[in-house]
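Good morning, and thank you for making time for this item on the agenda. I should like to take you through one model and describe how its parts are arranged.

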Amino acid sequence: MTVFFFNPYISSQQQWLMLAATIACCLPLIQSALAFATHPNESCINSRNARITSPWKHSRSVTSSTSLLAESATAHTANGAAAPHLKTTDILSLPSIRSTLIRQEETIIFALIERSQFRQNAEVYQKGTALSADLGTPVGSTVPSEEEKLSFLEYMLVGTEVLHSGVRRYTSPEEHAFFPSRLPQGMILNPLDYPDDLLSNTGGAAEINFNEILLKKYIDVVVPSIAGEGDDEQYGSNVLADIAVLQALSRRVHYGKFVAESKYRSDPEGYHKLAENNDAEGVMKLLTNAKVEEQVLRRARLKAATYGREPMMSSLPSIDGEVDGGGTGSATDENTAIIAAAAASAVVAAVEAMKADKGVREDASGRSTKVDPTVIESIYRNIVIPLTKDIEVAYLFRRCGRDPPPEYAPDRMSVDCK
């Protein structure tokens, strides 16, 4: 192993690829890992990792985020027994919130990858175009007193929110509509009771909604950064991908309210003093954890590099006659090869994540990557994290009975006001 890292005649990239090959050759160790994965010790299962999903959702694959919220009235385990009771202090602990935000990263990154397969298709975001001119009012939505024309994206988004509101999506404290004024009253399903002390209603803190600026930043910044220029006429699929990204991003940034409530409870006097002095910078400083933010950025970039690249299929045995057909291998051998290829791919992905080249959509071996990892990192750095912190500041001011400064209004980002 040492020769790979200290041989002056081998490039850095070649050294990493050789390391990946070495990992792929460590079959005995991988076989042990496979045996453990196949027959895990049930005593190692950590029941504290159990979470209860948001009650309006059905279980889905990687595109579904796990919720912090406990539905105590209806939550049951797989065998029908009542689920363990979760206290509000458990739900609002910073480690619990952070673990939920980490799981949401997969939802966001996969949604961005899905959107990146289409062109920018500017027409779907513009009002009064031929695409949206004759759409009218979305079915089931209310009509505002001064109705304005909707873009194709907005039309589809309102229609989606109308449907979801009927099955109580927006009764959940973690969910926020982009067009709440257009949602009808009443629901198809009966409402659910949530713990009263998850968030504070003081000053309307719990009702804060920054989706207006989020939608603008998504159209103006995110779409041009992940999608190729031009038009491919895939408007319907394009907009469905947009909605998935927007809903995931909205859930993520508005979790700032849970973070703010948790931090407020740890130092209510300190936040009251800052709010009374109208010291938004002091509140922001007290909220900021630079180390955690850097960890989020690094993790987002690494996940994007891992999920956004094709697997190393050439490392796997041939499908024809290798295992079952020719009798020359076994299912265990194939599983071992898959694990080895996955390990090698992970190493190469980590190398790609550390590269500083921006706008590159190919890895070192020429394979196409679905989205540039540095773009995902920049979305988190320039939009997700700053907007989350803006929501935290606005929430804390209202939590303390004060109006936040103008730069923390829901139609702007504070970084744009400096």
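I shall begin with the chain as a whole, then turn to two helix pairs, and close with individual residues.

Please keep in mind throughout that this is a predicted model. The chain contains 14 helices and 0 strands. Read from the N terminus, the order of elements is therefore α-α-α-α-α-α-α-α-α-α-α-α-α-α. Of the 418 residues in the chain, 44% are buried. As for contacts between residues at least 6 apart in sequence, 73% of them join residues at least 24 apart.

Let me now turn to helix packing. Two packed helices are described by the angle between their axes and the distance between the axes.

The first pair for discussion is helix 5, residues 94-116, and helix 12, residues 290-307. Their axes come within 10 Å and cross at roughly 40 degrees. An angle of that kind falls outside the parallel, antiparallel and perpendicular classes, and helix 5 and helix 12 are therefore oblique to each other. The crossing of helix 5 and helix 12 is right-handed. On the helix 5 side, the residues that meet helix 12 are Arg 98, Ile 102, Glu 105, Glu 106, Ile 109, Phe 110 and Ile 113. Helix 12 contributes Val 292, Val 296, Arg 299, Ala 300, Lys 303, Ala 304 and Tyr 307. Sorted by class, the contact of helix 5 with helix 12 has 9 nonpolar and 5 charged residues, with no polar ones. The spacing of such residues has a general background: an α-helix has 3.6 residues a turn, so residues three or four places apart point the same way.

The second pair is helix 9, residues 256-266, and helix 14, residues 373-399. Here the axes come within 8 Å and cross at roughly 50 degrees. Helix 9 is thus oblique to helix 14. The crossing of helix 9 and helix 14 is right-handed. Helix 9 makes the contact through Gly 256, Lys 257, Val 259, Ala 260, Glu 261 and Tyr 264. From helix 14 come Thr 388, Ile 391, Glu 392, Tyr 395, Leu 396 and Arg 399. The contact of helix 9 with helix 14 comprises 6 nonpolar, 2 polar and 4 charged residues.

Helix 9 and helix 14 also appear in the surroundings of helix 11. Which residues of helix 11, residues 280-287, are buried? They are Ala 280, Gly 282, Val 283, Met 284 and Leu 287. The cover over these buried residues includes helix 9, helix 10 and helix 14.

Staying with helix 14, I draw your attention to Glu 377, which is located in that helix. Is Glu 377 buried or exposed? Its relative accessible area is 11%, so Glu 377 is buried. Apart from neighbours within four places in sequence, Glu 377 is in contact with Leu 297 and Arg 301. The C-alpha atoms of Glu 377 and Arg 298 are 7.5 Å apart, although 79 residues separate the two in sequence.

I come next to the loop between helix 6 and helix 7, which holds both Ser 172 and Ser 181. Ser 172 is buried, at 2% relative accessibility, whereas Ser 181 is exposed, with a relative accessible area of 56%. Ser 172 and Asp 193 are 21 residues apart along the chain, and their C-alpha atoms are separated by 9.3 Å. For Ser 181 and Thr 142, the separation is 39 residues in sequence and 7.5 Å from C-alpha to C-alpha.

Two asparagines deserve a word on backbone geometry. Asn 121, in the loop between helix 5 and helix 6, has a positive phi near 50 degrees without being a glycine. Asn 278, in the loop between helix 10 and helix 11, likewise has a positive phi, of about 55 degrees. Asn 121 is buried, with a relative accessible area of 0%, while Asn 278 is partly exposed at 49%.

Finally, the cysteines. A disulfide is a covalent bond between the sulfur atoms of two cysteines. How many disulfides does a search of the whole structure find? The search finds 0. Cys 400 is buried, with a relative accessible area of 12%, and Cys 417 is partly exposed, at 41%.

That concludes my presentation, and I thank you for your attention.

Conventions. Residues numbered from 1 in each chain as written. Predicted model: local features only at pLDDT ≥ 70, side-chain atom pairs only at ≥ 80, totals over all residues. Heavy atoms only, no water. Axes fitted to C-alpha atoms, helices over the stretch in contact; angles between N-to-C directions. Helix = DSSP H or I, 4+ residues; strand = E, 2+ residues; numbered from the N terminus. Parallel < 35°, antiparallel > 145°, perpendicular 65-115°, else oblique. Left-handed = near helix turned anticlockwise from the far one by under 90°. Contact = heavy atoms within 4.5 Å. Nonpolar A, V, L, I, M, F, W, Y, C, P; charged D, E, K, R; others polar. Disulfide = S-S within 2.5 Å. Buried < 20%, exposed > 50% of the residue type's maximum accessible area, 1.4 Å probe, protein only.
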